[in-house]
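Thanks for asking me to look this one over. My notes follow as numbered points, to be read with the model open beside them.

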Amino acid sequence: MNENELQHYGVLGMKWGVRRNPSRAYAKAVRKKNVLERKSAKLAVKSAKYEKKSIRKEMHSTSESQYKKARKLHFKSNKLNLKSARLRNKGLKWEKQMEKVFSSYDIKRVPDGNIAAGKSFVYKQLYGNASYEVTKKTS
């Protein structure tokens, strides 16, 4: 090998970072979307708390310094609200992208184990922590 040569042992035509297993890629995408939604909801709650505090302080402020503290809380609330909205929009964009990418995926190609796990998850979401066993049809 010459010092001026570059050798590559990868697969020709393979894109870096592209997942070839659609079910794993979809699961990762769903997790990412859920994380964004949770973060957005958390920030919205935090924002509401600061807004409530700022209103209370503003109503009971007797001096200039108390009024300034109330305004600071109000600005902090607005900042958190904007951050929450940004995360929510990011989640919506991610969801649109997911739909675009996975709309052509054939559900019949999903392994039975993944379908069973999905059914179990939906059942738990609908009916709480009750146990759910997927029974296979015997022919």
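1. Let me begin with a side chain in a charged pair: Arg71 counts as partly exposed, at 25% relative accessibility. Please keep in mind throughout that this is a predicted model.

2. Which residue does Arg71 meet in a salt bridge? The partner is Glu58, with an N to O distance of 3.6 Å. This pair links distant parts of the chain, as Glu58 sits in helix 1 and Arg71 in helix 2, 13 residues apart. Glu58 is partly exposed too, with a relative accessible area of 31%.

3. The whole structure holds 2 salt bridges. Besides the pair just described, the side chains of Lys33 and Glu37 meet at 3.6 Å, N to O. Here both residues belong to helix 1 and lie 4 residues apart, about one turn of the helix.

4. Are Lys33 and Glu37 buried or partly exposed? Lys33 has a relative accessible area of 15%, under the 20% limit, so Lys33 counts as buried. Glu37, at 43%, is partly exposed because that value falls between the 20% and 50% limits. As general background, side chains of opposite charge can pair when their charged atoms come close.

5. Stepping back to the fold, the protein chain has 3 helices and 0 strands, and its elements run α-α-α from the N terminus. Of its 139 residues, 16% count as buried. Among contacts between residues at least 6 apart in sequence, 58% join residues at least 24 apart.

6. Now for the nonpolar core. The largest one has 6 residues: Leu36, Leu43, Tyr50, Leu73, Leu80 and Leu87. Helix 1 (22-59) and helix 2 (64-102) are the elements that give two or more residues to this core. In soluble globular proteins, nonpolar side chains tend to be buried together.

7. What does Leu36 touch beyond its neighbours within four places in sequence? Leu36 is in contact with Leu87, Lys90 and Gly91. Of these, Leu87 is a fellow member of the largest nonpolar core.

8. On the outside, the accessible surface of the protein chain comes to about 12,500 Å², and carbon and sulfur atoms account for 55% of that. Phe121, Val122, Leu126 and Tyr127 make a nonpolar surface patch of about 460 Å².

9. Finally, a closer look at one member of that patch. Val122 is placed in helix 3 (residues 112-127). With 45% relative accessibility, Val122 counts as partly exposed, and that value is over the 30% cut-off, so Val122 can be part of a patch.

Note on methods. Residues numbered from 1 in each chain as written. Predicted model: local features only at pLDDT ≥ 70, side-chain atom pairs only at ≥ 80, totals over all residues. Heavy atoms only, no water. Buried < 20%, exposed > 50% of the residue type's maximum accessible area, 1.4 Å probe, protein only. Contact = heavy atoms within 4.5 Å. Areas by Shrake-Rupley, 256 points an atom, 1.4 Å probe, with all protein chains shown as cover. Patch = residues over 30% accessible without salt bridge, like charges linked within 9 Å, V, L, I, M, F, W, Y side chains within 5 Å. Salt bridge = Lys/Arg side-chain N within 4 Å of Asp/Glu carboxyl O. Core = buried A, V, L, I, M, F, W, Y, C linked by side-chain atoms within 4.5 Å.
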